[in-house]
Amino acid sequence: MRTNRFSLFATLFATIFAISSCAPKSQNLIIISTSDIHSAIDRLPQLATLIDQAHAQDTAQVFVVDAGDRWTGNAYVDMATHAGQPIIEQMNRLGYDVATIGNHEFDMGLDTLQARIDDAEFDVVLANVNTGTTPLKQPKPYVIKRARGVKVGFLGIVTNYANGHPDGDDPTFVGTEFYSPEQTAERYGAELRSKSDVMVVISHCGLDRDTTNVASSFPYADLIISGHTHECYDGKAEGVQVIQGNNKLRAVGLTTIKVEKGKVVDIQSRFIDLPAEGKASVAAEVEAYKQAPYLIESIGTLTAEANKTGLAQLMTDTGRQTVGTDLGFYHIGGTRIGHLPAGEVKRATIYELEPFKSYLVITKMTLAQIEEMIINKFNDTTNYKESHRVDLIPSGLTYTIYTDAKGDAVRVDLRPEVKKEVYTVAISDYVYGNKTYKYTRQPEDGRTELVTDYLIDLFSRGPVTPDNAPRGFIAR
C-alpha cells in the first residue's frame, strides 16, 4: 500500500504542465474524488478552492466525484431542518458531477435518502441494489458523461455483508436487495465498458475489497474510486488504478487521465491535502449552518482530555449505570470523535460523538457467550475495518484476547468485577441487532433511552472526568 502525500500546488501544477504538453489529438481529464465526507462541512471552503483552481485551467476536463457516506458525523448537517440537506446544497454549489451511495446514506431512512437524492443536482448511481417497492426509487446503475468528445462512464456500488446489506441496522434495509460486485459486473460491467472510452467504478466497498474482488470483477475498468475504509491509497490492483483519499476531507483523490483515439494511454492517481485558504462565500454559508441555538448551547464541562477509548467507555459506563446492569458493551466504531479536549462541551458535540440515535439493549449473557462474541468479532473476515482490534468496549470488566501465530483470537481472559453465572448486560443496539456480530443472543429485556440523552443528562449534573485507561487488550 502506498501512502505518499503530495502538496496541493506541487501536484496540481505538475499535472497541468504534463497536460499542456500533450499532443493536440489527446484529450485530458482530471477527476477530483472524495469519500466519507461524514458531514465535515468545515473543510468545504478549502475543497471549493481546489475545485476552482482545477476548473481555472483550460487544458483538461474536470470531474468531481464522491464515493459515498456524505453525512452522519456533524449535528449541523445531520440535525438540520431537512436532515443531510446542507451537505447536498454545498455539493451542488461546488459542482459535483456524480456520486454513489455509501452505507451511511441509509442511516436516516429510505425516505430521507430519496429526498436528498431529489435535491442533488449531480447524478447518483448505484448498480448493486434492487429497491423493490421501498420509498427509495431504483437508482441509475451508471451514467455516461461526455468530455470534449470522450465518453466517461461512472458505475456505482456499495458494500454488503453476511446480513445481505451494507453496514447498518437491519430494519433500515427491509425491502431492498443487494448484489455482489461479481453479480454487478455480470449485469452492467461489460455493457458500460462497451459504451465508454473511460470506465470508472465508484465503490463504497472498502479498500480491502476494492483491491481484490472488486478489481478482479471489473478488470476492464480504468479506475476504481474507493471509499468506506477511510484510508489514503493510490496504486494498481489487478491492473486497475485505485484511489482513496481518506475521510472528512482530510485528503482527497486526484486522478489525471490522458485519452488518445478513444483509448486511455496514461492514468495517474495520488491523494492530496486541501489548500489552507478556503473560498470565502462557502465559508460564510458553512458558518450560517452552525448558528442553530439549540446545538451551540453548552451542556457542561469535561475536566480532562478524553481519547477515543475514554469516550467509548464514558458511553458504556453511563448507560450501564443508568439502567443498573452488571456489565455493559459499546463498539468503538460507534464512537465518532477521536478525542475531546478539556473544557466546555456543546450539545452539538454529543450528537457528533454519537450521530446514529443509538440506544442500549438490556439482555442476559454468560461469560461463555461474551467470549464467543469477542472472538467472533475479532476474527471477522467480512468486515475488514472492524476486525483484529479491540472493537467491543466493556464496562464492569476487563479482558485480554489471546491470538495464535496467524493473529486470530483463540481465547479471551475475562475479568468481571463480580463473578456470576449469568449477567445482566446493557449492550449497544448495533451490536445486538447486527448479524456481523456472531454470538448466541438471548431475548431482549428492555431498552435504554437514547445514548445522546443520557450523556447530555450526565454533563448537566456536573463536570465529567473521563477514564482513558483501556479495558481491552490483545496478547500476541
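A charge sits over a ring if NZ of Lys or CZ of Arg is within 6 Å of the ring centre and within 35 degrees of the ring normal. Keep that in mind for the first stop on this tour of a predicted model.

**Stop 1: charges over rings**

Select K377 and Y437. The charged end of K377 sits over the Y437 ring, 4.3 Å from the ring centre. Now move to R411 and Y402, where you can look for the same kind of arrangement. Here R411 lies over the face of Y402, and the distance to the ring centre is 4.0 Å.

**Stop 2: a cluster of phenylalanines**

Next, show the aromatic side chains. How many aromatic pairs does a search of the whole structure find? The search finds eight. One of them is F106 with F178, an edge-to-face pair with 5.9 Å from centre to centre and 80° between the planes. Trace the backbone from each ring: F106 is in the loop between strand 4 (98–99) and helix 5 (110–119), while F178 belongs to strand 9 (residues 177–178), so this pair ties together parts that are 72 residues apart in sequence. Both F106 and F178 are buried.

Keep F178 on screen and add F173. The ring centres of F173 and F178 are 6.0 Å apart and their planes meet at 75°, so this pair is edge-to-face. F173 counts as buried, at 4% relative accessibility, and F178 is buried with a relative accessible area of 7%. With F106, F173 and F178 all displayed, you have a cluster linked by ring pairs.

**Stop 3: salt bridges**

Switch to the charged side chains. The structure holds 24 salt bridges, and three of them make good stops here.

Start with K290 and D42, whose side chains meet in a salt bridge at 2.8 Å, N to O. Which parts of the chain does this pair link? K290 is in the loop between helix 8 (280–289) and helix 9 (293–296), and D42 is in the loop between strand 2 (26–34) and helix 2 (44–56), so far along the chain that 248 residues separate them. K290 is buried, with a relative accessible area of 18%, whereas D42 is partly exposed at 41%. Add E287 to your selection to see a network of salt bridges that links D42, E287 and K290.

Go on to E417 and R320, which form a salt bridge at 3.6 Å, N to O. E417 is in the loop between strand 24 (409–416) and strand 25 (423–428) and R320 is in helix 10 (residues 308–323), so the bridge ties together parts 97 residues apart in sequence. Is E417 buried or exposed? E417 is exposed, with a relative accessible area of 59%; R320, at 16% relative accessibility, counts as buried.

Then select R471 and D467, which meet in a salt bridge at 3.0 Å, N to O. R471 counts as buried at 12% relative accessibility, and D467 is partly exposed at 35%.

**Stop 4: around T303**

Finish by centring the view on T303, in the loop between strand 16 (298–302) and strand 17 (306–307). T303 is partly exposed, with a relative accessible area of 42%. Leaving aside residues up to four places away in sequence, T303 touches A342, P463, V464, T465 and P466. Zoom in on T465: its side chain makes a polar contact with the side chain of T303, at 2.7 Å. To end, zoom out and pick K236, which is 67 residues from T303 along the chain, with 47 Å between their C-alpha atoms.

Key:
Residues numbered from 1 in each chain as written. Predicted model: local features only at pLDDT ≥ 70, side-chain atom pairs only at ≥ 80, totals over all residues. Heavy atoms only, no water. Salt bridge = Lys/Arg side-chain N within 4 Å of Asp/Glu carboxyl O. Helix = DSSP H or I, 4+ residues; strand = E, 2+ residues; numbered from the N terminus. Buried < 20%, exposed > 50% of the residue type's maximum accessible area, 1.4 Å probe, protein only. Phe/Tyr/Trp six-rings, centres within 6.5 Å; stacked < 30°, edge-to-face > 60°. Contact = heavy atoms within 4.5 Å. Polar contact = N/O pair within 3.5 Å; in protein donor to acceptor, adjacent residues only side chain to side chain.
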